[in-house]
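Reader: I've got a new model open and would like to talk it through with you. Could you take my questions one by one?

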Amino acid sequence: MKGLTKKINYTGVLQGLVNIEPYLAFILLLLVSCYVFWPLLLAPNNYYPLSADGMGHLSKIKYMAECLKQGNWPSWFPYWYCGTDVVQYYPPLSYYLLIPVQYIFDNVMITFKFSVVFSFLIGSLGVWYICYRWIGPITGIVAGSLYLLQPILIRLVICHGALAQGLVI
């Protein structure tokens, strides 16, 4: 019966399971992010965030998208601080990342929802990767989830409206 037995090599199957871990982490952290921001995601798109700087950032993104749509490079924003340079006080990459979202949907609230979920998801994936790499996979998921649940970060973006800082964090 030696000819009928065959040794099965499972290393290819196990290696395939290792490659799925980043996708599982992405899906799990996306679900946690949607859970954390569920009230925001369910808010109607004609509502606007009541925050100190949120509407200023969103109006700047809308203004920059409209300028680029018309073929003009935005350099002066006349509707905030009695007129200011577009990129003087806040990091410009955060605005340029959200201009395509505003351009596609043409709705400030959808842009706000996307920016909040996207920024927190990217931050949690960074925390997941560091913990996954140095500690372990379960710790990475737990740490990424705890990053999403930090009240100070949620308060910074939702209550204070610090969208530019939220995308940087």
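Reader: Which helix does Leu30 lie in?

Author: Just so we're on the same page, this is a predicted model. Follow the chain to residues 11-36 and you'll have the stretch that holds Leu30, namely helix H1.

Reader: Is Leu30 buried, partly exposed or exposed?

Author: Buried would need a value under 20%, and exposed one over 50%. Leu30 has 30% relative accessibility, so it counts as partly exposed.

Reader: Which nonpolar patch on the surface includes Leu30, and how much accessible area does the patch have?

Author: Leu30 shares the patch with Phe26, Ile27, Leu28 and Leu31. Put together, these residues have an accessible area of about 440 Å².

Reader: Let's zoom out. In what order do the helices and strands come?

Author: The chain has eight helices and two strands. Reading from the N terminus, the elements go α-α-α-β-β-α-α-α-α-α.

Reader: And what share of the chain's residues is buried?

Author: The chain has 169 residues. It exposes about 10,700 Å², with carbon and sulfur atoms supplying 69% of that area. As for the buried residues, their share is 38%.

Reader: Of the contacts between residues at least 6 apart in sequence, what share joins residues at least 24 apart?

Author: Contacts here mean heavy atoms within 4.5 Å. Within that set, the share joining residues at least 24 apart is 65%.

Reader: On to Lys62. Which residue in helix H3 sits about one helical turn from Lys62?

Author: An α-helix has 3.6 residues a turn, so places three or four apart point the same way. Helix H3 covers residues 54-69, and Lys62 has a partner there four residues away, so the two are separated by about one turn. The partner also forms a salt bridge with Lys62, with the closest N and O atoms 3.5 Å apart: Glu66.

Reader: Which other residue forms a salt bridge with Lys62, at 4.0 Å?

Author: Side chains of opposite charge can pair when their charged atoms come close. The second bridge of Lys62 has its closest N and O atoms 4.0 Å apart, and the partner is Asp106. That pair links distant parts of the chain, 44 residues apart, with Lys62 in helix H3 and, in the loop between H4 and H5, Asp106.

Reader: Which residues end up in one salt-bridge network?

Author: The structure holds two salt bridges. One joins Glu66 to Lys62, and the other joins Lys62 to Asp106. Bridges that share partners make a single network of Lys62, Glu66 and Asp106.

Reader: How exposed are Glu66, Lys62 and Asp106?

Author: Partly exposed runs between 20% and 50%. Glu66 falls in that class at 37%, and Lys62 does at 29%. Asp106 is partly exposed too, with a value of 47%.

Reader: What is the phi of Asp106?

Author: Asp106 sits in the loop between H4 and helix H5 (108-134). It isn't a glycine, yet its phi is positive, at about 55 degrees.

Reader: Which side chain makes a polar contact with the side chain of Gln102?

Author: Gln102 belongs to helix H4 (residues 92-105). It has a relative accessible area of 2%, so it counts as buried. Leaving out residues up to four places away, it touches Ile61, Lys62, Ala65, Asn107, Val108 and Thr111. The polar contact, at 2.9 Å, is with Thr111.

Reader: Is Pro74 buried or exposed?

Author: Pro74 is in the loop between H3 and strand E1 (76-77). Beyond four places in sequence, it touches Tyr63, Met64, Cys67, Leu68 and Val86. Its relative accessibility is 4%, under the 20% cut-off, so Pro74 is buried.

Reader: How far apart are the C-alpha atoms of Leu125 and Tyr147?

Author: Leu125 is in helix H5 and is buried at 19%. Setting aside neighbours within four places, it contacts Ala25, Phe26 and Leu29. Tyr147 is one of the buried residues of H6. The two are 22 residues apart along the chain, and their C-alpha atoms are separated by 9.4 Å.

Reader: How far apart are the end C-alpha atoms of helix H6?

Author: Helix H6 has 12 residues (137-148), so at 1.5 Å a residue it should span 16 Å. The model agrees with that, as the end C-alpha atoms are separated by 17 Å.

Methods:
Residues numbered from 1 in each chain as written. Predicted model: local features only at pLDDT ≥ 70, side-chain atom pairs only at ≥ 80, totals over all residues. Heavy atoms only, no water. Buried < 20%, exposed > 50% of the residue type's maximum accessible area, 1.4 Å probe, protein only. Polar contact = N/O pair within 3.5 Å; in protein donor to acceptor, adjacent residues only side chain to side chain. Areas by Shrake-Rupley, 256 points an atom, 1.4 Å probe, with all protein chains shown as cover. Expected span 1.5 Å × (residues − 1). Patch = residues over 30% accessible without salt bridge, like charges linked within 9 Å, V, L, I, M, F, W, Y side chains within 5 Å. Salt bridge = Lys/Arg side-chain N within 4 Å of Asp/Glu carboxyl O.
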